[in-house]
Structure formats: C-alpha cells, structure tokens
Amino acid sequence: MTELTIYHNPRCSKSRQTLQLIEEKSCDVTIIEYLKTPPTAATIENILTLLSIEPRQLMRVKETEYKEQNLADESLTREQLVAAMIATPKLIERPIVVGSGKACIGRPPENVLALLG
C-alpha cells in the first residue's frame, strides 16, 4: 500500500480535492496542515529536490506577503527564500504530496495519480 504525506490546507478546494483522490485510492495518508505546522528547512529542501524545482517555483508569487516581503528580489538566496516559506507558510504552493521517493503539487489534483501508480 502506498504511504503518502500531504501538506494540506483544508480551506483550499484543490487541496481538498487532492486529499479526496488519495482517500478514494485507499492509501495510507499523513495529513500535515502546513499553516499550523510549517515544514522545516530540511523538509522544504527535500521537496524541492524531489520536484526538481527552485524555491520560487514552490511559492505562491501572487500572495500579498510575497510582494510585501520583496521576495521577487533576485539577490535573495535559496536559504532566504526557504526561510520566508517557513516564516510565512501561506507562501507555499498547495497541496504538496510526497511518497515513494517522489513528490507532486496537486494542481490539478489529478497530478497525485502519478504517485499512486
């Protein structure tokens, strides 16, 4: 049986839809409400590695906090961007699903099916 972890925001429709898809497949799922329990720097780095993306690609760049914190500034380091996601978890794209040494962003929710096959 596939064991998955979802970084979930219950107020987000895409996150709810992704979780529903996982539950319909009868997978063991650990739900982390990342707004209440932000991931660590090591967890974010692992997710970035699994997704083969850079920090800004995991960020919600249209959020007010992104603009307020001037996170578009190209001089910011990887560590600074990861720290911003930890300090302001609302900036993290959602939902993120991790399992079997892989990860995906559930936008669209069907992306999670790649982890279940």
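Trainee: How many residues lie between E3 and E4 in their hairpin, and which residue in the turn has a positive phi?

Mentor: In this predicted model, two residues lie between E3 and E4. The residue with the positive phi is Ser100, at about 55°. Strand E3 covers residues 96-99, and strand E4 covers residues 102-105. Four bridges join these antiparallel strands, and Ile96 stands opposite Ile105 in E4.

Trainee: Which way do the residues of E3 point, and are they buried or exposed?

Mentor: Ile96 and Val98 point one way from the strand, while Val97 and Gly99 point the other way. All of them are buried.

Trainee: In what order do the strands of the sheet stand, and is the sheet open or closed?

Mentor: The sheet is open, with four strands in the order E2-E1-E3-E4 and mixed pairing. E2 (28-33) and E4 are the edge strands; each has a single partner strand, so one side of each lacks a neighbour in the sheet. On average, neighbouring strands are turned by 20° against each other, direction ignored.

Trainee: Which pairs account for the mixed pairing, and how many bridges join E1 to E2?

Mentor: E1 and E2 run parallel and are joined by six bridges; Glu3 stands opposite Asp28 in E2. E1 (residues 3-8) and E3, by contrast, run antiparallel, with three bridges between them. There, Tyr7 has Ile96 as its bridge partner in E3.

Trainee: Which strands does H1 touch, and which does H2 touch?

Mentor: H1 packs on the sheet through E1, E2 and E3, and its direction makes about 165° with that of E1. H2 also packs on the sheet, touching E1, E3 and E4; its direction makes about 90° with that of E4.

Trainee: How should one read a single buried polar residue in H1, and what does Ser15 touch?

Mentor: One may take its position, its exposure and its partners in turn. Ser15 is placed in helix H1 (residues 13-24) and is buried, with a relative accessible area of 0%. Its side chain reaches the backbone nitrogen of Asn9 at 3.1 Å. Not counting residues up to four places away in sequence, Ser15 touches Ile6, Tyr7, His8, Asn9 and Pro95.

Trainee: Which residues of H2 are buried, and what covers them?

Mentor: The buried residues of H2 are Ile44, Ile47, Leu48 and Leu51. They lie on the same side of H2, because they cover an arc of only 100° around the axis. Ala42 and Thr49, on the other side, are exposed. The cover over the buried residues includes E1, H4, E3 and E4. After H2 comes Ser52, whose phi is positive, near 55°.

Trainee: Which residues of H4 are buried, and which are exposed?

Mentor: In H4 (residues 78-87), the buried residues are Leu81, Val82, Ala84 and Met85. Their arc around the axis is only 155°, which puts them on the same side of H4. Glu79 and Ala87 are exposed on the other side. The buried residues of H4 pack against helix H2 (41-51).

Trainee: What can be said of Ala84 in particular, and with which residues is it in contact?

Mentor: Ala84 lies in helix H4. Its relative accessibility is 7%, so it counts as buried, the cut-off being under 20%. Leaving aside neighbours within four places in sequence, Ala84 is in contact with Met59, Gln69, Leu71 and Leu91. The C-alpha atoms of Ala84 and Ala103 are separated by 21 Å, the two residues being 19 residues apart along the chain.

Trainee: How does one read a nonpolar core, and which residues touch the most other members of the largest one?

Mentor: The general idea is that nonpolar side chains tend to be buried together in soluble globular proteins. Here the largest nonpolar core has 21 residues, of which Leu58, Met59 and Ile96 touch the most other members. H2, H4, E3 and E4 are the elements that give two or more residues to this core. Another core lies apart from it, with 11 residues, including Leu4, Leu21, Val97 and Leu115.

Trainee: With which residues is Met59 in contact?

Mentor: Leaving aside its neighbours within four places in sequence, Met59 is in contact with Tyr66, Leu71, Leu81, Ala84, Met85, Leu91 and Glu93. Among these, Leu81, Ala84 and Met85 are buried residues of H4.

Note on methods:
Residues numbered from 1 in each chain as written. Predicted model: local features only at pLDDT ≥ 70, side-chain atom pairs only at ≥ 80, totals over all residues. Heavy atoms only, no water. Buried < 20%, exposed > 50% of the residue type's maximum accessible area, 1.4 Å probe, protein only. Arc of directions from axis to C-beta. Contact = heavy atoms within 4.5 Å. Pairing = 2+ DSSP bridges. Core = buried A, V, L, I, M, F, W, Y, C linked by side-chain atoms within 4.5 Å. Polar contact = N/O pair within 3.5 Å; in protein donor to acceptor, adjacent residues only side chain to side chain. Axes fitted to C-alpha atoms, helices over the stretch in contact; angles between N-to-C directions.
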